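Open the model in your viewer and keep the selection tool handy. We will walk through it stop by stop, and at each one you will hear what to pick and what to look for.

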Amino acid sequence: MGLTPLKIGNLVAKIPIIQGGMGIGVSLSGLASAVANEGGIGVIAGVQIGFREHDFKTNNDEANIRGLVKEIRRARELSPNGILGVNIMFAVNNYKEMVVAAVKEKIDLIISGAGLPKNLPELVKDSTTKIAPIVSSGKAASVITKLWDRKYNYLPDMIIVEGPEAGGHLGFSLEELKTYPQIVLKDILKEVLDVVKPYEEKYNKKIPVIAAGGIYDGQDIAECIKAGAAGVQMSTRFVATEECDAHMNFKESYLSATEEDIQLVKSPVGMPGRAIRNPLVEKLENEDIPVTRCYQCLRPCNPKTTPYCISDALINSVEGDIEKGLIFTGTNAFRVDKIVTVKELMEELVSEANKELN
Ligand SMILES: Cc1cc2nc3c(=O)[nH]c(=O)nc-3n(C[C@H](O)[C@H](O)[C@H](O)COP(=O)(O)O)c2cc1C
């Protein structure tokens with residue numbers, strides 16, 4: 001039967017592949033529009049997106065709104081007919097303002113993780129923007145779906161299930177991740193599919209459930225589809241593309257990473273993250289890097305006690321300083337061995353998946 005389009009209400013993506021939002025600045029309009037033009041869904045990362053604005057350090061909230069609007073408009077110009085989303089982490093301080101700005105720009109889809117976006121339906125009211133929470137357990141899917149149903153009479157337009165092999169911040173504690181081989185994406189996917197079923201029946205509405213984390217090739221995609229996913233969200237693979245918005249040094253650090261270089265790191269967000277081992281990660285194992293100036297970007301972060309400023313660390317890496325920067329990645333960066341175009345990558349993934357599904 002092959003891959004079938006991903007339907008999110010009236011939005012139809014020809015290819016059921018979502019390029020995951022990668023902050024800070026790794027997925028902006030360049031990457032997102034390229035993916036959207038290939039029939040997938042391109043996602044701009046909203047977190048600290050104003051980092052290239054002149055007043056980013058002094059007027060952080062406004063710089064981020066301005067940056068977001070610019071990137072959405074640029075992506076739309078580059079992909080007038082593609083499906084574009086924005087990833088806005090629930091943990092950011094200016095969450096509401098960022099969502100409102102994206103909705104005003106008529107973004108097709110908002111994806112929110114790093115906490116459960118409890119009030120998201122209210123923020124997109126009277127718009128055509130679709131909303132999708134990211135969850136890492138059946139329990140989280142149940143909590144958010146129940147809450148939106150009860151409070152807003154609204155169902156998630158889509159749910160993304162992110163397993164333990166993902167990049168960036170994870171939805172599992174360090175304790176849980178110690179038993180990581182036992183936490184399997186497909187098991188969580190099944191739990192979430194079971195959670196949404198009664199709601200789908202109640203509302204006579206389909207909630208596409210998307211699998212994410214550690215999906216590397218077309219065979220992985222096919223396995224997720226066979227397990228009931230309506231599509232996949234992938235990020236690590238999209239870093240090694242010409243269109244990825246990060247500095248070439250960032251992309252090359254994926255090419256040179258070995259499996260042993262990929263490790264968990266603590267993060268001010270609260271949950272651990274996954275990154276490539278480099279001088280910064282090594283330094284943080286022995287000492288903290290005091291914060292001299294705080295952007296007040298993350299609700300859970302206390303600048304007095306945080307081991308380092310994650311904004312500075314992520315901006316360093318995306319701008320090419322891969323010694324002082326934090327290089328987020330999923331478990332699979334070590335398998336990446338060349339930089340390709342988004343078109344080549346999408347064609348390869350689709351052809352491999354179709355072969356497996358037919
Ligand atoms: C460099 C990088 C940055 C990321 N930044 C974000 C982010 O800002 N917000 C978010 O929700 N997820 C973020 N993620 C997670 C991805 O969107 C995605 O769900 C996950 O990495 C998928 O797993 P994969 O990389 O193995 O394909 C990031 C991942 C990477 C690799």
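Start by selecting Asn-204, which sits in the loop between helix 7 (185-203) and strand 10 (209-212). This is a predicted model, so keep that in mind as you inspect the backbone here. The phi angle of Asn-204 is near 50 degrees, a positive value in a residue other than glycine. Most residues other than glycine have a negative phi, and most peptide bonds are trans.

That second half of the rule leads to the next stop. Select Gly-23 and Ile-24 together: the peptide bond joining them is cis, with omega about 0 degrees. To place this bond in the fold, note that Ile-24 belongs to the loop between strand 3 (17-19) and helix 1 (29-37).

Now move to the ligand and show the residues around it. Which residues come nearest to the ligand? Of the 22 residues around it, the nearest are Asn-87, Glu-162, Gly-214, Gln-233 and Thr-236. Colour this shell by class and you should find 8 nonpolar, 12 polar and 2 charged residues.

Next, draw some distances from the oxygen atoms of the ligand:

- Thr-236: an N or O atom in its side chain is 2.6 Å from an oxygen atom of the ligand.
- Gly-214: here a backbone N or O atom lies 2.8 Å from a ligand oxygen.
- Gly-167: a polar backbone atom is 3.0 Å from an oxygen atom of the ligand.

With those contacts drawn, switch on a surface: the protein covers 96% of the 610 Å² of accessible area that the ligand has on its own.

From Gly-167, step along the chain to strand 9 (168-169), an edge strand that pairs on one side only. Strands of a sheet pair through backbone hydrogen bonds, either parallel or antiparallel. In this open sheet, 3 strands run in the order 9-13-12 with antiparallel pairing. The other edge strand is strand 12 (262-265). Select strand 13 (residues 273-276) as well, and you can look for the 2 bridges over which strand 9 and strand 13 pair. Gly-168 has Arg-274 of strand 13 as its bridge partner.

For the last stop, look for enclosed empty space. How many cavities of 30 Å³ or more are there? The count comes to 1, and the largest cavity has a volume of about 70 Å³. To frame this cavity, select some of its lining residues, among them Gly-46, Asn-60, Asp-61, Asn-64, Met-98 and Cys-297. Helix 2 (residues 60-78) gives the most to the lining, with 3 residues. By class, the lining has 4 nonpolar, 7 polar and 1 charged residues.

Notes
Residues are numbered from 1 along each chain as its sequence is written. This is a predicted model: local features need pLDDT of at least 70, side-chain atom pairs count only at pLDDT 80 or more; totals for chains, interfaces and linings use all residues. Side-chain values use heavy atoms; hydrogens and water are left out. A residue is near a molecule or strand if one of its heavy atoms lies within 4 Å of it. A polar contact is a pair of N or O atoms within 3.5 Å; within protein, one must be able to donate a hydrogen and the other to accept it, and residues adjacent in sequence count only if both atoms are side-chain atoms. Accessible areas come from the Shrake-Rupley method with a 1.4 Å probe; for residues, only the protein chains shown count as cover. Ala, Val, Leu, Ile, Met, Phe, Trp, Tyr, Cys and Pro count as nonpolar, Asp, Glu, Lys and Arg as charged, and the others, Gly among them, as polar. Two strands pair if DSSP finds at least two bridges between them. Helices (H or I, at least four residues) and strands (E, at least two) are DSSP runs, numbered from the N terminus. On a 1 Å grid over the protein atoms alone, a cavity is a set of points where a 1.4 Å probe fits but cannot get out, and a pocket is an open set with protein on both sides within 12 Å along at least five of seven lines; lining residues have an atom within 4 Å of a point. Grid points are joined across faces, edges and corners, and a volume is the space filled by probe spheres set on the points.
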